[in-house]
Structure formats: C-alpha cells, structure tokens
Amino acid sequence: MKFLLIDRIIALQPGVSIVATRDIAHDEPYFGDHFPGFPVVPGVLLTEMMGQAAAKCLAAEPVSRGKPMLARVMDATFRQWVRPGQTVALRASITSSQSRFATAECEASVEGKVVAVAKLMFAFAPADQFVPNPRDDVLERYLAGQPK
C-alpha cells in the first residue's frame, strides 16, 4: 500500500499552517474490507493524512530540527464518513513549537463540511537516521511554484 497520503499543497506558511488535499480513489486497497458494500476511509488514515500535512508544514521550516514524526494523537474525532471519489481538504495549524516537539490542531473536510478533527504531537527524529537527502515530491512541487 502506498502510504503517501497528501496529493498537493494548496497553501503553506512554514512552521505555521498548511492547507493540502487528498483525492480518494475508488480503488483504494482498504475499501475491500472497510466496509464491503459501504466503503469508507478508515479514521486512522484520516488521522494520518492530517498528520502528514502538519509534518510537511514543520519540515518546510527554514531551520531543520530533524524529521517531524507523529508521536501522539492527543485527541481525534470523526464526524462523517469519507467515501470513494471525494477530495479531502486538510488544514493544520502549528499551536506549539519547541526544539524537541511541536503540536498541531488539524481538520479534514469534504465539500466544506468538517469530517474529522485532531490534536497531534510531533517529535523530531535526527536527519541522519534516514536516507541521505530524502525527497518530498509534494512539498518540492509546491515550493518550486512559489516566487523566490
């Protein structure tokens, strides 16, 4: 299963906020089991989408503290099902940012209606723990389109 759950970034203030989207394909592999005849995106994947958006916001900061990694789901609420063919808009605001951790308030919506909210905490893993010069195609595409 592909685990990159952000398709594009719409707006970004590094270390402050982000708006991103994810198009939910009809053939996502989890729909066969979740649930047969009534396919919906699992809440854990909505949480991961919000987390990936917030992590991209933190990763875009001018000074790196390491790779932002989801460390804690402090709160998550799911209000409505997300179905195949829908586009999820993801918003994250960084609410606290320290040298070793950050927190974010996140929201997922479909057609302007909030479907999930979460408060997430991130820790920063040392960059040398990962492959050298990892690429984030979604973030790079967004940054490349911005005026210098």
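Trainee: Is T103 buried or exposed?

Mentor: Buried means under 20% relative accessible area, exposed means over 50%, and partly exposed lies in between, using a 1.4 Å probe and protein chains only. T103 has a relative accessible area of 9%, so T103 is buried. Bear in mind that this is a predicted model, in which local features need pLDDT of at least 70, side-chain atom pairs count only at pLDDT 80 or more, and totals for chains, interfaces and linings use all residues. Residues are numbered from 1 along each chain as its sequence is written, and side-chain values use heavy atoms, with hydrogens and water left out.

Trainee: Where is T103 placed?

Mentor: Helices (H or I, at least four residues) and strands (E, at least two) are DSSP runs, numbered from the N terminus. T103 is in strand β5, residues 101-110.

Trainee: Which residues does T103 touch?

Mentor: Contact means heavy atoms within 4.5 Å. Not counting residues up to four places away in sequence, T103 touches M74, S93, I94, T95, S96, L120 and M121. A polar contact is a pair of N or O atoms within 3.5 Å; within protein, one must be able to donate a hydrogen and the other to accept it, and residues adjacent in sequence count only if both atoms are side-chain atoms. The side chains of T103 and T95 make a polar contact at 2.8 Å.

Trainee: How are the strands ordered in the sheet?

Mentor: Two strands pair if DSSP finds at least two bridges between them. Here six strands form an open sheet with antiparallel pairing, in the order β1-β2-β4-β5-β6-β3. β1 and β3 (67-78) are the edge strands, each pairing on one side only. Within the sheet, β2 and β4 run antiparallel and are joined by seven bridges; T21 stands opposite A89 in β4.

Trainee: Which strands does α1 lie across?

Mentor: For angles, axes are lines fitted to C-alpha atoms, for helices over the stretch in contact, and the values run from 0 to 180 degrees between N-to-C directions. α1 lies across β1, β2, β3, β4, β5 and β6, and runs at about 55° to β6.

Trainee: How many residues are in the largest nonpolar core?

Mentor: In soluble globular proteins, nonpolar side chains tend to be buried together. A nonpolar core is a set of buried Ala, Val, Leu, Ile, Met, Phe, Trp, Tyr and Cys residues joined through side-chain atoms within 4.5 Å. The largest one has 39 residues, and M50 is one of those with the most contacts inside it. α1 gives the most to this core, with nine residues. Leaving aside neighbours within four places in sequence, M50 is in contact with L90, C106, E107, A108, A116, V117, A118 and L120.

Trainee: Why is C106 not bonded to the sulfur of C57?

Mentor: A disulfide is a covalent bond between the sulfur atoms of two cysteines. The cut-off is a pair of cysteine sulfur atoms within 2.5 Å. The closest cysteine sulfur to that of C106 is in C57, 9.4 Å away, which is too far for a bond. The whole structure has zero disulfides. C57 counts as buried because its relative accessibility is 0%, and C106 counts as buried at 5%.

Trainee: Which residue has a positive phi of about 50° although it is not a glycine?

Mentor: E111 has such a phi. E111 lies in the loop between β5 and β6 and, at 79% relative accessibility, counts as exposed.
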